[in-house]
Amino acid sequence: MILGLLCSTAARGQETCLLIPLSLEERVQAAEVVVEGKVTAQRSFWDDQHHNIYTAHQVEVYKVFKGSPTTSTVEIITEGGQVGLDIHVYSATLQLKPQQQGIFFLQAAKKGAAQARYSVFGSMQGFIKYRLSEGTAHDPFQQYASIPLEVYGSLARLSGSSPRTVKANTALEAALAPPKTTSNQRRLIPLITNLSPLNLRAGTGDVLTITGSNFGSTRGSGYVEFRNADDGGKTFVKPLNADYLSWTDTEIKVKVPSYGIDGGTAGSGVVRVINSDPNTATSALSLTIIYAHSNVGYESEEQKISMQSVQPRLIAPNGQGGGYLFRFGASFESNTPALYAFKRAMNEWSCKTYINWNTVSNAAVANTAEDNINSVRFANSGELPTNVLGRTISRYRGCILNGTTVNFWVREIDMEFSPRSDWQYGPDAATNRQFDFQSVVVHELGHAHQLSHLILPRAVMHYAVAAGQVSRTLSPESDIAGGNYVMAQSATLPPCNVNPMKPRTANDCAIPVELIELTAQLTGTNQVLLQWNTKQETGLTEFVVERSGDGVSYTAIGRVPGSGTSTTPRSYTFTDPAPLPQLNYYRLRLVKTTGTQEFSEVVQIAGPSFVRQLAPNPGGNQTTLYFNPSEVDVLHMAIYNVAGQLYREWSLTLTPGSNKYDFTLFPSREDEKKNEYYPVRRGLFLIKWSTSRESGVIRYLKLE
């Protein structure tokens with residue numbers, strides 16, 4: 001996504017989303033070295049802390065426009081890459097491919113990148129990429145119709161000196177040379193007569209059938225091109241070799257990619273066929289790409305697996321409630337407007353596609369790393385590439401079944417935003433001099449949802465949004481349909497002992513946005529008194545009090561008018577005259593003048609007849625015991641399987657008035673420092689308990 005008045009018609013997409021343009025002059029001045037070169041080899045590696053993956057690229061130097069590299073080959077480090085079956089993908093960050101060539105604006109690499117010599121200044125904007133087949137070049141915000149005139153000429157003028165040639169660029173010289181002609185040579189001019197179907201999805205396996213003539217009896221060196229959704233269709237995307245299903249002189253069948261040979265996502269627009277001569281045919285008809293599912297590219301020489309694209313799944317990481325639990329950086333969480341905007345954006349997705357996202361408060365994260373923590377932070381100085389407003393990092397883990405079937409899932413999601421002064425956090429709309437933060441977050445959460453860009457103005461996943469434009473609402477036809485597709489894939493049982501995501505329900509889809517301090521108290525007359533405070537209110541018409549007996553299905557039991565819009569703290573009460581006899585869960589549904597609904601945190605309290613319960617049941621390794629003792633006592637507990645095998649024993653002290661006890665069923669050996677406790681994945685267990693007065697057995701079904 002490109003934002004702002006700075007968003008010209010030449011703006012680019014996901015790899016360029018959240019960029020503010022850097023002029024060519026700014027890039028030349030900031031770079032220590034400016035060279036023309038080609039990527040000849042690459043390798044990915046973990047940093048010393050095993051936090052992040054980087055990729056080192058060997059670049060053969062052809063010309064030097066600024067600085068003095070000491071060798072004819074330079075090493076360039078980029079963020080992200082693949083090590084074995086671990087893959088890190090950064091949005092708004094440069095990803096180079098072998099054989100790509102162009103102009104690199106280089107600076108000294110960060111210390112975290114180990115032995116790196118150079119990094120690319122401005123990341124994506126620090127690489128002017130050549131398209132040799134056309135003799136042109138482009139960067140995220142500009143097209144260069146002539147490499148010698150527009151690229152070389154501008155760089156020579158800005159650097160104040162002529163370029164120094166290190167090695168002849170024979171591939172570029174051949175591309176710029178006049179085409180050779182032979183009088184008796186027969187040229188096969190291809191023609192596209194039809195595309196079917198005209199409405200497709202990218203990255204889902206949908207197949208486009210192209211009919212026409214003179215495509216060639218076999219593919220040879222021919223290929224198909226789709227408009228690139230990551231730059232609004234200014235360039236084209238080539239499918240991977242594995243995406244071609246058949247190729248004859250009159251018909252081509254090819255999958256619609258969201259991961260092309262050079263990256264990029266297939267978008268709406270015309271299609272091109274280039275045959276082996278080569279000659280080009282452009283379709284008269286245009287495709288409509290409804291939505292695009294982000295794919296992971298994978299290849300392995302060791303496994304003898306050629307490059308292919310894989311649809312990743314969302315999962316339920318252990319201990320995160322069936323989905324992904326996000327934590328905030330301290331400066332982000334303390335910025336209340338930013339925090340509220342993020343939560344509103346999260347609710348827009350979770351209440352439309354039921355993706356299982358949640359947040360936790362007062363658990364600040366200090367950095368971005370693969371650490372089993374999904375983080376949302378304002379980046380520190382130097383962490384984001386220059387002029388990047390924000391980005392999403394998807395961290396994938398994979399497995400291979402039967403030696404050939406490759407699977408990937410999203411192990412972790414991290415998000416970084418620039419701490420700018422010109423954000424509009426809402427709920428007011430952004431002016432034409434502001435960037436709408438909630439619109440940016442909704443878009444980036446779309447990438448976290450594993451959706452790629454579209455060429456579809458006004459859709460959230462469209463590659464560009466102008467300054468002052470507010471795009472906070474999902475499109476049913478594209479954004480929601482795409483999200484539902486990903487959720488349908490993710491809710492099925494994945495391979496490799498990975499837990500499927502547990503979709504949220506319509507009754508429990510939203511997380512609390514504004515801080516509501518809700519408390520509950522069982523009175524002497526066996527009624528429940530609810531009390532809550534608000535720090536501020538924005539368009540809040542009423543509170544709907546909802547109650548549940550299981551913490552899942554809620555029913556409205558009363559309404560309390562809100563104060564509309566208020567900047568001062570307010571206090572409210574509500575009495576439930578007939579609470580449920582056992583456990584009661586209460587929450588507030590906040591009804592807004594905008595038509596949106598939000599929820600408070602849930603408060604739990606024992607009813608008049610409550611004694612004991614383990615909940616949730618079925619559940620995970622982390623669970624809660626609800627026990628209502630009449631006096632201080634010691635509770636002894638032991639876990640057995642159904643065959644009577646003892647797994648562990650422990651004790652805890654019960655105190656009247658403290659009826660909620662959180663614990664871990666099977667702690668790790670590191671936690672317990674004892675070898676006799678072995679973690680157990682799933683199954684039915686018998687939990688025997690006893691106090692000085694009574695004893696019993698609780699049957700517990702462990703799902704993970």
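**Exercise 1. A pair in two strands**

Task: Classify R589 as buried or exposed, and determine which residue R589 forms a salt bridge with in this predicted model.

Solution. The relative accessibility of R589 is 17%, and buried means under 20%, so R589 counts as buried. The partner of R589 in a salt bridge is E546, with 2.7 Å between the closest N and O atoms. Strand β38 (residues 583-592) holds R589 and strand β35 (residues 537-548) holds E546, so this pair ties together parts that are 43 residues apart in sequence. The same burial cut-off applied to E546, at 5% relative accessibility, gives buried as well.

**Exercise 2. The partners of E134**

Task: Identify which arginines form salt bridges with E134, and state where R272 and E134 lie.

Solution. Begin with R131, whose side chain meets that of E134 in a salt bridge at 3.1 Å, N to O. R131 is buried, at a relative accessible area of 16%. E134, by contrast, is partly exposed, at 41%. Next comes R272, which forms a salt bridge with E134 at 3.2 Å between the closest N and O atoms. Because R272 lies in strand β20 (residues 266-274) and E134 in the loop between β9 (127-131) and β10 (136-139), the pair ties together parts that are 138 residues apart in sequence. R272 is itself buried, with a relative accessible area of 15%.

The wider setting can then be added. The structure holds 28 salt bridges. E79, R377, E383, R391 and E416 are linked in a network of such bridges.

**Exercise 3. Helix α7 and its packing**

Task: Compare the span of helix α7 with the expected value, and find which elements its buried residues pack against.

Solution. Helix α7 covers residues 476-490, which is 15 residues. From its first C-alpha to its last it reaches 19 Å, close to the 21 Å expected at 1.5 Å a residue. The buried residues of α7 are S478, D479, I480, G482, G483, Y485, V486, M487 and S490. These buried residues pack against β14 (199-202), β22 (288-292) and α5 (336-353).

**Exercise 4. Backbone geometry**

Task: Locate the cis peptide bonds that precede P197 and P427, and describe the settings of H50 and Q450, which have a positive phi.

Solution. Most residues other than glycine have a negative phi, and most peptide bonds are trans. The bond from S196 to P197 is cis, with omega near -10 degrees, and P197 sits in the loop between β13 (191-196) and β14. The bond from G426 to P427 is also cis, with omega near 5 degrees; P427 belongs to the loop between β30 (423-424) and β31 (435-436).

Turning to phi, H50 has a value of about 60 degrees although it is not a glycine. H50 occupies the loop between β2 (33-46) and β3 (53-66) and is partly exposed, at 45% relative accessible area. Q450, also not a glycine, has a phi of about 75 degrees. Q450 is in the loop between α6 (437-448) and β32 (464-465), and is buried, at 0%.

**Exercise 5. The second largest cavity**

Task: Describe the volume and lining of the second largest cavity.

Solution. The count comes to two cavities of 30 Å³ or more. The second largest contains about 30 Å³ of space. Its lining consists of Y340, E514, L515, K535 and Q536. By class, the lining residues divide into two nonpolar, one polar and two charged.

Note on methods: Residues numbered from 1 in each chain as written. Predicted model: local features only at pLDDT ≥ 70, side-chain atom pairs only at ≥ 80, totals over all residues. Heavy atoms only, no water. 1 Å grid on protein atoms, 1.4 Å probe; cavity = no way out; pocket = protein on both sides within 12 Å on 5 of 7 lines; lining within 4 Å. Points joined across faces, edges and corners; volume = space filled by probe spheres on them. Nonpolar A, V, L, I, M, F, W, Y, C, P; charged D, E, K, R; others polar. Helix = DSSP H or I, 4+ residues; strand = E, 2+ residues; numbered from the N terminus. Expected span 1.5 Å × (residues − 1). Buried < 20%, exposed > 50% of the residue type's maximum accessible area, 1.4 Å probe, protein only. Contact = heavy atoms within 4.5 Å. Salt bridge = Lys/Arg side-chain N within 4 Å of Asp/Glu carboxyl O.
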